[in-house]
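Me: Could you take a close look at one part of this model for me, the salt bridges? I'd like one connected walk-through rather than a list.

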Amino acid sequence: MMKRPEETKLWITLCCIGVLFGCVKSREFDPPEGVCFADLTSNATYSEVKNRYVDETVQIQEDLIIEGYVISSDEKGNFFSVLNIQNNLSNPTEGFQIEIDMRDSYLFYPVGSKLYIKLKGLYLGKSKDVFKLGGTFTSFGNTSVGRLPTSVMDQHIFVACNDKVALEPRELTIDELTPNLTNTLVKFSKVEIIEGELGQPFAVPREETTRTLVDCQKHTIELLNSGFSDFQSAELPAGNGSITGVLLREKSDFKLAIRTLEDIDFEQMRCEEEVTTITTKNIIISELADPENNPKARFIELYNASEAPVPLNGWVLRRYTNDNSTVGSTIDLSNERIESHSTLVLSPNSEEFEAVYGFLPDMEVGTNTAADSNGDDTIELVDPLGTVIDIFGVVGEDGSGTSHEFEDGRALRNPEVIRGNSQYDLNEWTVYNDSGGFGTMEQPQLAPDDFTPGLRN
């Protein structure tokens, strides 16, 4: 049997007083015996209501009723003074956020409850491009949606006479999110907290805090946590798995808010870092520089002759100094990538390089490395499998007075060469130096005019 409106209003008021003042330090309350309504029927869709908004907050004057299912909860303190409802039990297509002036609303509107919302007299507005329903407040002459006072909530929010049901979140991936799913319950699988945030708490005390979720394809979404929540100090989980929460949004930025730690199930192994071990003969040494007028302007250039970009994870450049047959220095290229038909320029002195050539090198490396050769060393380019892909010089042979000396000069790969060679072949090179002979050119090179870093000839 339904109670009269005045009895209902008194019941809600007494319950709120008991909640607010009887158990201030704990949220562990027994739900009050509720009042339900069986004679209400929705007569408007969420889209029809949202379409009534035109550029400014508006008060709804028509006798419109929408229905929805409660998906948020303030039981653990991660939501405050809001109700989030969605239009369907499963696979929701739209949601709404209702601003309310009530603490511990989960006692009256538990997750899964079906509600009827009488819209007449409520205000419809937008905040950061997201629709909201509620009361109103005015600031600097502008009307905005505010919290609906507890004293009038019984005139607008009605619990349907059906059992609380289990919601089925919409399962999707981060890259599938669309604005219409704002304020609906969603579930992501195979996600994890980014590595740089592991070991931190969910939130800074008393501050709204965002953490970052990432899937194995590197798509990310912010996890929004209240600094007043019961789980504020809990450590972020280190595993991988599924997470369920209310999808929120600020303009084009999506965020996810959980109701409780039970919304997270991160019991699986974390995504493995992609290990790329690409090998190709199309990465070559294309230019070596030892300017006669400025040894600080030395560099080495690599070129990708293939039709696809090549990440250089595991690739290295080795230098054999003079006639040594053991490696004197190694440059790890793992953080670099060469685009198709593009170069990678390495310099031991980026400041001097920029001053001389007018732009920064792609990578600054140490002195006495392959990029800092004085013209009589051997340079190897080695792939992740340890295979020598390309070489300039002969290991164990000092370059002075040989076909691989470029002292005070330059070694330039001939333009027709597009594949590496693990055996040095002078026919693939044009070599300039200060002595000539053995097929080289006695023509010292001056920076910057005699060099072309970043430009494949």
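Reply: Sure, and keep in mind that this is a predicted model. Let's start with a network: Lys126, Asp129 and Arg249 are linked to one another by salt bridges. Overall, the count of salt bridges comes to 19.

Next up is Glu222, which pairs with Lys255, their closest N and O atoms sitting 2.2 Å apart. That pair links distant parts of the chain, with Glu222 in strand S13 and Lys255 in strand S15, 33 residues apart. The two ends are not equally covered: Glu222 counts as partly exposed because its relative accessibility is 30%, while Lys255, at 9% relative accessible area, is buried. As for the strands themselves, S13 (220-225) and S15 (253-257) each supply at least two residues of the lining of the largest pocket. This pocket has a volume of about 990 Å³, and among the residues closest to its centre are Lys132 and Glu208. Its lining has 14 charged residues, alongside 14 polar and eleven nonpolar ones.

Then there's Arg259 with Asp263, a salt bridge at 2.8 Å from N to O; both of these residues are buried.

Finally, Asp372 and Arg298 meet through their side chains in a salt bridge of 3.2 Å, N to O. Asp372 sits in the loop between strands S24 (363-364) and S25 (378-382), and Arg298 in the loop between strands S17 (283-289) and S18 (299-304), so the pair ties together parts 74 residues apart in sequence. Asp372 is buried, since its relative accessible area is 11%, and Arg298 is buried too, at 14%.

Methods: Residues numbered from 1 in each chain as written. Predicted model: local features only at pLDDT ≥ 70, side-chain atom pairs only at ≥ 80, totals over all residues. Heavy atoms only, no water. 1 Å grid on protein atoms, 1.4 Å probe; cavity = no way out; pocket = protein on both sides within 12 Å on 5 of 7 lines; lining within 4 Å. Points joined across faces, edges and corners; volume = space filled by probe spheres on them. Helix = DSSP H or I, 4+ residues; strand = E, 2+ residues; numbered from the N terminus. Nonpolar A, V, L, I, M, F, W, Y, C, P; charged D, E, K, R; others polar. Salt bridge = Lys/Arg side-chain N within 4 Å of Asp/Glu carboxyl O. Buried < 20%, exposed > 50% of the residue type's maximum accessible area, 1.4 Å probe, protein only.
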